[in-house]
Amino acid sequence: MIEAISRGGLWLNMRDVGAVDSRYRKLVDQMFEEIAAKVPSFEMPKGHQESILISSPDAQVYYHADLPGQGLVQIAGRKRVYVYPNTAPFITPQHLEDIALFDVEVDLPYKDWYDDHAKVLDIGPGQMLSWPMNAPHRVENLDTFSVSMTISYTNDDIRRAEIVNLANGMLRHRFGYTPKTRNLRGPSFFAKAVMQKLLRDGKWVKRERSARRPIDFPPRRRPARQDRRSAEGGMSADRPVMTVLTTSVGKPDARATARAAGFRVELMRDWKQAAARWNDISPSTPFQHPQWYDGVVRRLRRRRRRRAA
């Protein structure tokens, strides 16, 4: 599996590993304690989720923003991270509302000139990176096999901001009302908290989220005979166009059980089957978002055109 990932075009994301092996959770707890000791203004998270991402040398994460706090710990390989200002036009309150309402982090508008305002940071093994709350960012592997830990965390203010973003998004898109405040406390916050709790699992929200997460797979075309490559020299027509690997971590039973029993690893040859399984798992980060498929398909097509040229 690791060898296949190192050859390119494959990602493995083991989500919420702390729920399976408490050593991950305790390690992140210790990391946050050290940060709090050195940064007095840092508020200890009230909850966090850690995932292990193993990715190929050509992997990248597109321009996006997250609602929870984020941390990236590099274990092996090197990454280049572009961090953009968490102000307009790079990110706006309406963008945050759309992320909360439609559950799509990678739908932010992006322009090439944004890079002129980005802080570019290269990180390697043993280094950790975090960035301002809601700051848009994108990530590229520096032509190396990469192993990282991604950390998503929350505290009281982050949780309250997510409630406000979801409620304001409902007001704007469901009722046609432009929100006037983003207060995290007081009567307006209480009213929005009640409204979003009553409506967030309703049919309208589910329909709107589904409409914004389409997955379209063009018919697979077998390349001409002269375009076929041997397994040694390139991509063979007899091999799958793309192998998709998804993982999910579940909480094991209280009784003694093998650590691996908490993981589900599926290797798919059929895109539609993989998409169906992917949609069964709620995406908690852009690494699990279906729009990754679009990027994978585009990169593979470009690679095949270069090899055929």
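Student: How many of the 10 residues of helix α3 (residues 93-102) are buried?

Tutor: This is a predicted model: local features need pLDDT of at least 70, side-chain atom pairs count only at pLDDT 80 or more, and totals for chains, interfaces and linings use all residues. Residues are numbered from 1 along each chain as its sequence is written, and side-chain values use heavy atoms, without hydrogens and water. Buried means under 20% relative accessible area, exposed over 50%, partly exposed in between (1.4 Å probe, protein chains only). Helix α3 is mostly covered, with a buried count of 7.

Student: Which helices do the buried residues of α3 pack against?

Tutor: Helices (H or I, at least four residues) and strands (E, at least two) are DSSP runs, numbered from the N terminus. The buried set in α3 is H95, L96, E97, I99, A100, L101 and F102. Contact means heavy atoms within 4.5 Å. The buried residues of α3 pack against α4 (156-173) and α6 (203-211).

Student: Which helix supplies the largest share of the largest nonpolar core?

Tutor: A nonpolar core is a set of buried Ala, Val, Leu, Ile, Met, Phe, Trp, Tyr and Cys residues joined through side-chain atoms within 4.5 Å. The largest one has 24 residues, and Y63, Y84, L101, L108 and M170 have the most contacts inside it. At least two of its residues come from each of α3, α4 and α6. The largest share of this core, 5 residues, comes from α3.

Student: How many residues does the other core have?

Tutor: It lies apart from the 24-residue core. Its members include L12, F32, I52 and I158. The count for this other core is 16 residues.

Student: Which strands stand at the edges of the sheet?

Tutor: The open sheet of 4 strands has the order β3-β8-β5-β6 and antiparallel pairing. Two strands pair if DSSP finds at least two bridges between them. Each edge strand has a single partner, so one side of it is left without a neighbour in the sheet. The edge strands are β3 (60-64) and β6 (119-123).

Student: What stands opposite V61 in β8?

Tutor: Strands β3 and β8 (residues 137-141) run antiparallel, joined by 3 bridges. Opposite V61 stands V139.

Student: What is the N to O distance between E97 and R182?

Tutor: A salt bridge is a side-chain nitrogen of Lys or Arg within 4 Å of a carboxyl oxygen of Asp or Glu. The side chains of E97 and R182 meet in one, with an N to O distance of 3.9 Å. The pair links distant parts of the chain: E97 sits in helix α3, R182 in the loop between α4 and α5 (187-199), 85 residues apart. So the value asked for is 3.9 Å.

Student: Is E97 buried or exposed?

Tutor: R182 is partly exposed, with a relative accessible area of 33%. E97 has a relative accessibility of 2%. E97 therefore counts as buried.

Student: Which residue of strand β8 pairs with D115?

Tutor: The side chains of D115 and R138 meet in a salt bridge (3.0 Å, N to O). D115 lies in the loop between α3 and β6, so the pair ties together parts that are 23 residues apart in sequence. D115 is partly exposed at 25% relative accessibility. At 11%, the buried partner is R138.

Student: Which residues do salt bridges that share partners join into one network?

Tutor: R185 and D157 meet in a salt bridge (3.2 Å, N to O). R185 is in the loop between α4 and α5 and D157 in helix α4, so this pair ties together parts that are 28 residues apart in sequence. R185 is partly exposed at 46%, and D157 is partly exposed at 34%. Shared partners join D156, D157, R159, R160 and R185.
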